[in-house]
Amino acid sequence: MASRQMSYRTYGQSDRPPVLLLHGFLGCKEDWEEVASALASDHFAITVDSPGHGGSVDGLSERDYTMAGCSDMLVSVLDSLKIDRCSVI
């Protein structure tokens, strides 16, 4: 899935406590697949590709590569999933 060019994947039921999993430098959302799958029985896990990584590479503005731009894109993903609060790993 994508939200404003940020690629993401969800695991588990959306009525469970949400957990946003952020990858490290040179990573991608698939780095979290094993962990997200394990969390899915008790949580709603969301993995994302940061700007310039994995599926989040096309159509991005220069601002999207800043902390503020990336933060806005993350909020957009959470908003699209109707999540107000989540744990972040």
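This tour moves from the central strand to the cores, then to a buried proline and the cysteines.

The model is a predicted one, in which local features need pLDDT of at least 70 and side-chain atom pairs count only at pLDDT 80 or more, while totals for chains, interfaces and linings use all residues. Residues are numbered from 1 along each chain as its sequence is written, and side-chain values use heavy atoms, with hydrogens and water left out.

Begin by selecting strand 4, residues 44-48; helices (H or I, at least four residues) and strands (E, at least two) are DSSP runs, numbered from the N terminus. Five of its five residues are buried, where buried means under 20% relative accessible area, exposed over 50% and partly exposed in between, with a 1.4 Å probe and protein chains only. Colour the two faces separately: Phe 44, Ile 46 and Val 48 lie on one side, Ala 45 and Thr 47 on the other, and all are buried.

Next, add strand 2 (residues 6-11), which pairs with strand 4 in the antiparallel sense over four bridges, pairing being assigned if DSSP finds at least two bridges between two strands. Here Tyr 8 stands opposite Val 48. Strand 3 (residues 18-21) pairs with strand 4 in the parallel sense, also over four bridges, and the bridge partner of Pro 18 is Phe 44. Following the chain from strand 3 through helix 1 (residues 33-39) to strand 4 traces a right-handed β-α-β crossover, that is, one running clockwise from the first strand over the helix to the second when the strands point away from the viewer.

Now show the largest nonpolar core, which has 13 residues, with Met 6, Leu 20, Ile 46, Val 48, Leu 74 and Val 77 having the most contacts inside it; such a core is a set of buried Ala, Val, Leu, Ile, Met, Phe, Trp, Tyr and Cys residues joined through side-chain atoms within 4.5 Å. Helix 2 gives the most to this core, with five residues.

Move to Pro 51, in the loop between strand 4 and helix 2 (67-80), which counts as buried because its relative accessibility is 10%. Beyond four places in sequence, its contacts (heavy atoms within 4.5 Å) include Met 6, Leu 60, Tyr 65 and Cys 70.

Finally, select the cysteines: the structure holds zero disulfides, a disulfide being a pair of cysteine sulfur atoms within 2.5 Å. The sulfur of Cys 28 is too far for a bond, because the closest cysteine sulfur, in Cys 70, is 15 Å away.
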